[in-house]
Structures are given as structure tokens and as C-alpha cells.
Amino acid sequence: MKQCFGYVRVSSLKQGEGVSLDAQKDAIERFAANSDITITKWFEEQQTAAKSGRPIFNQMLKALKAGKAAGVVMHKIDRSARNFFDWAKIGELADNGIDVHFATESLDFSSRGGRLTANIQMAVAEDYVRNLRTEIFKGQRGQLERGFYPFSAPIGYQDNGKRQLKTIDPVKGQLVKLAFELYGSSQYSYETLRCELAKHGFTQGSGKPLSRGCLEAFLANPFYCGVIRIKRTGEVFQGAHEPLISAELFERVQKIKAGKCSKKITRHNHLFRGLFACGQCGRSMIPERQKGYVYYRCHYSECPKNIVREEPLDAAIGKVLSTVQFTEDVLKLINERVAAWVRRHQNCDVTNQKTSTMQLAKIDERIEKLEDAAIEQIIDKATFDKRKENLLLERTQIEQEAQKAKQFYQNPKAIETFLERIKSLAEHYYFAGPSAKREIVEIAVSNRKVTAKNVSAEPSDWLEKTKCAVTILMCADGRATSRTFSAEYKAMEELAALARSPQSKRLPLILMDEA
């Protein structure tokens with residue numbers, strides 16, 4: 001009685017849990033009994049045959065070439081291989097005198113006619129796989145064009161079944177958002193960010209910090225701001241899922257990754273490193289520690305005496321921030337004016353929506369022209385994908401801003417919250433840690449200079465605008481017929497815009513962390 005191996009295969013683990021493997025074994029055993037064959041060992045595999053490199057299949061081939069069996073019995077041709085590379089290996093077995101049998105197909109693989117018939121059936125099986133792959137890609141593309149992501153959800157999102165939008169994971173989603181915000185502060189390198197996220201519980205399954213590769217991958221993924229990018233082809237699509245972060249934050253992170261923003265944390269991370277310039281030459285003041293004190297010095301040869309200790313810099317920042325303080329009475333008055341203004345000017349929301357619609361229409365028109373240029377081969381595919389991604393990010397940002405503007409008129413508390421955050425900015429600065437202090441200085445203080453040991457600084461443009469707007473609203477009497485109506489209107493519009501500005505978005509993280 002001839003001794004042979006038995007090989008059975010299914011394409012997935014789910015199929016293997018069913019009756020497919022047992023049914024193949026039964027057919028092989030019946031064939032073996034009728035052909036005077038004994039199955040000495042079974043090789044079971046749960047992997048597609050469309051691609052080469054199946055480990056169990058290769059293990060079986062090695063054992064057959066070593067003479068551990070006279071041949072192999074397989075259920076059908078398409079169970080053995082669906083690619084010509086593996087099929088050539090099976091043909092090589094027959095050429096070397098090793099018997100190859102197929103339990104459900106009455107053909108003699110050792111004869112010329114049987115081999116030809118098997119080759120034709122193999123070609124049909126390979127074509128079936130190719131056609132199936134084409135149909136799958138076609139279905140996936142249809143979903144992508146409708147804004148659905150047909151693959152596994154990226155970290156921070158969760159799957160909800162086929163043809164369902166990905167939704168934000170209530171736990172990991174917030175951790176991913178924190179990672180973007182921390183890296184976007186320019187105060188973290190990949191290594192320090194990995195450690196910081198580990199403190200918040202954002203780790204691998206083993207409890208170790210996230211790998212650098214994982215961190216780099218999701219920080220570069222525009223899916224989190226509402227744009228789908230297919231890594232294999234470089235194509236981009238407008239997503240229909242809820243964005244986890246703003247397009248503005250995503251763009252900021254990409255600039256930092258590309259080295260186009262301020263340098264991230266280093267081993268000697270002095271408080272005002274890179275934040276003050278020499279008033280004589282404009283070069284950055286370089287920090288250095290001497291005898292327990294930190295000094296900031298201009299290293300340009302023509303500015304040898306321009307040096308100052310860190311304490312005067314800190315005091316100058318505090319003095320600038322102390323000019324922006326609002327009492328509770330002022331905030332109460334402003335909130336009353338805001339409520340009255342919103343009641344009178346809610347029609348402005350319609351105007352804003354029309355403006356946003358026009359902007360979106362222009363972007364859609366630019367995308368159409370870009371697609372025409374690609375079709376006419378005026379630009380190459382890589383350029384097309386990159387430009388389209390930038391346009392989709394711009395489109396997403398406009399949509400997000402329009403939605404926030406709409407929400408403002410529905411919820412005028414935005415201005416109140418904004419003013420609450422900055423009413424005691426100096427106090428927050430004094431009690432903040434080094435990282436938060438740096439960020440406050442970056443977004444709230446400008447024109448930071450040192451000239452002959454004299455320190456100068458000014459409130460940032462947005463902070464100065466806030467002060468002016470509050471002053472105007474305190475002086476206005478709030479009546480529609482008032483002479484100050486125009487100024488009041490502009491002041492309220494200014495505050496509304498500031499409440500939606502990138503600076504306002506970054507303030508909550510600073511102040512809440514230090515609360």
C-alpha cells in the first residue's frame with residue numbers, strides 16, 4: 001500500500017472553523033481507500049492560495065523532496081494552488097517521480113493529457129482569483145468615493161461592521177488626540193512623546209511605550225482630520241466619518257515633522273530657548289548655564305555684551321500678560337452684550353454659510369481641473385495625489401470652521417468661555433510648568449527682544465485685539481441706534497473670530513493641564 005501525505009486548505013480561519021476541512025478530509029480518505037493509498041500525515045492550512053509563501057505547503061514540499069512519502073493527495077486543484085509559482089512547484093514534484101493526486105478530479109497527473117487538463121484548470125482558478133480581486137477593488141473604490149473606509153479602523157477609531165462608518169473610540173480616540181496636541185506643541189520629540197503617552201496609559205499590549213514606527217504612522221495619517229489616504233496607491237478621498245482633530249492641527253503636526261516649525265525638546269531644554277531674539281542683530285539668544293544660573297547670550301561677534309539672566313525674561317513676560325485681566329463684573333457685562341448682539345445679528349450666520357459654500361465650490365472646481373490635468377497627463381500621478389490631498393485638507397478646514405461659526409450663533413457661550421480662559425492669563429503663567437509656560441509665551445507674547453540687557457515684549461496680535469474688543473464693548477451702550485453700533489459690531493465679530501482661532505484651541509489644553 002502506497003504511503004502519501006494528505007493536504008487540505010481553506011482561505012481563512014473562519015472557514016476552518018466550519019465543515020470545509022472535514023469535508024476535504026472525507027473526500028481524500030475515500031479516494032485513498034479506493035486507490036490503495038494510506039494517508040500517513042495530514043497537512044492543514046488556513047491561508048489563501050492566491051499568494052505564494054504558504055508555510056504549511058512549503059513544509060509539505062520539503063518533506064516530500066526528502067522522501068518521507070511517495071506522494072500527496074489533495075482535494076481539488078484550486079485547493080493546491082491558485083498562483084503559477086506554487087503550481088510550478090507541484091509540477092516539479094511530478095517531474096521528480098513524486099505522485100500527485102486530486103481526490104475529486106478524475107485525471108492522471110502523470111500523463112500528458114492529464115497534466116494539460118490540470119494546467120488549464122489551474123489557469124481558470126488563477127483567473128478566478130484575479131477577477132475576484134478586481135471586483136473587490138471595485139467595491140472598495142465605490143465605498144471610498146462615498147467617504148467610507150472599507151479597511152480596518154486605524155488606532156483611535158472602531159469598526160462597526162461592513163458598509164458602516166468608523167466611529168471614534170471613546171478611550172483610545174482621546175489618547176490619539178492628546179498625542180497630536182502634545183506633538184503639535186513643539187515640545188516633544190518622538191522619544192519623549194512615547195514616554196509621556198505611556199504615563200497616560202497609551203501603550204502596546206505588553207505595556208511598553210508605543211513603537212516609534214507606530215507613532216510616526218498615525219501622526220502622518222490624515223484620516224484623523226477627515227481625509228482618507230490609500231497608502232498603496234497614494235489616492236485621497238473625502239471621508240464621511242467624524243474627524244478626531246482639526247485640519248489646522250494636522251497641518252501643524254506635519255510641519256513640525258518636516259522640520260518647518262520650532263525645534264522640539266532637547267536634553268538641555270531651557271525655558272526660553274529660541275523664544276527671544278537679539279534686538280541688535282535679530283539672531284536668537286542662546287541659553288547656557290553658569291554657576292547655577294541660566295544666561296541668554298547673543299553669540300554674534302558684534303554683540304558681545306548682549307547677555308541677560310533668565311529671571312528678567314520671565315518677569316517681562318509676566319508684565320505683558322498682566323495687562324490682560326478681566327474682572328467678573330467685566331465678564332458679566334460682556335456676556336450680556338454678547339447675548340443681545342446674537343439676538344440682533346443671527347442673520348449673519350446665513351451670510352457666513354453662503355461664503356463657506358462659495359469657498360467650497362471653488363475648491364471643488366479646482367479639484368475638477370486637477371483631475372482634468374491628470375487625465376490629460378499634464379501632471380504625474382504623485383503630483384496629482386499630493387495636490388488633491390492638500391485641497392481636501394483645505395476643504396475639511398473650511399467645513400470645520402463653517403460648522404463652528406454656525407454653532408457659535410446657536411451657542412454664544414463660545415465668547416464667554418474664551419474670555420474665561422484668558423481673564424487670568426498671567427496667573428496661569430506663574431503657576432504653569434515649563435512646557436505650558438513656553439506655549440503660553442509662543443501664542444500670547446510677540447516681539448520678544450533683548451537689547452543691551454533690556455528686555456522688551458508685547459502682547460500677540462490676537463491678544464491685543466481681544467483687549468481692544470473688550471474695551472469697545474464696555475464703552476458701548478448696546479442699543480441698535482447707538483453711534484457705536486458699527487464699532488460694537490466689529491468688536492463682537494472680532495471676539496467671535498478669536499474664540500474660533502487656533503490660539504483659542506490651544507489655550508484649553510494649557511490652562512486645564514495647569515489647573
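In the predicted model, N447 is partly exposed, because its relative accessibility of 43% falls between the limits of 20% and 50%. This residue lies in strand β13 and adopts a positive phi of about 50 degrees, although N447 is not a glycine. Most residues other than glycine have a negative phi.

Strand β13 (residues 445-451) runs parallel to strand β9 (residues 277-278), and two bridges join them. Within this pairing, C278 stands opposite V450 of β13. Strand β13 also pairs with strand β14 (residues 454-459), here in the antiparallel sense and over five bridges; K449 is placed opposite S456 of β14. The hairpin formed by β13 and β14 has two residues between the strands, and A452 takes a positive phi near 50 degrees there.

A further positive phi, of about 55 degrees, occurs at K291, which is likewise not a glycine. The residue is located in the loop between β10 (286-290) and β11 (293-297). K291 counts as exposed because its relative accessibility is 84%, against a threshold of over 50%.

Helix α18 (residues 461-475) contains 15 residues, for which a rise of 1.5 Å a residue predicts a span of 21 Å; the C-alpha atoms at its ends are 21 Å apart, in agreement with that expectation. Its buried residues are W462, L463, T466, A469, V470 and L473. These residues lie on the same side of α18, because they cover an arc of only 120 degrees around the axis. The exposed residues D461 and C475 are carried on the face of α18 turned away from the buried side.

A corresponding description applies to helix α3 (residues 55-65), in which F57, M60, L61, A63 and L64 are the buried residues. Since their arc around the axis is only 165 degrees, they are placed on the same side of α3. The exposed residues K62 and K65 are found on the face of α3 turned away from its buried side.

At the surface, L116, I120 and V124 make a nonpolar patch of about 300 Å². Of these residues, V124 belongs to helix α6 (residues 112-145). V124 is classed as exposed because its relative accessible area is 53%, where the class requires over 50%.

Note on methods: Residues numbered from 1 in each chain as written. Predicted model: local features only at pLDDT ≥ 70, side-chain atom pairs only at ≥ 80, totals over all residues. Heavy atoms only, no water. Patch = residues over 30% accessible without salt bridge, like charges linked within 9 Å, V, L, I, M, F, W, Y side chains within 5 Å. Areas by Shrake-Rupley, 256 points an atom, 1.4 Å probe, with all protein chains shown as cover. Salt bridge = Lys/Arg side-chain N within 4 Å of Asp/Glu carboxyl O. Helix = DSSP H or I, 4+ residues; strand = E, 2+ residues; numbered from the N terminus. Buried < 20%, exposed > 50% of the residue type's maximum accessible area, 1.4 Å probe, protein only. Pairing = 2+ DSSP bridges. Expected span 1.5 Å × (residues − 1). Arc of directions from axis to C-beta.
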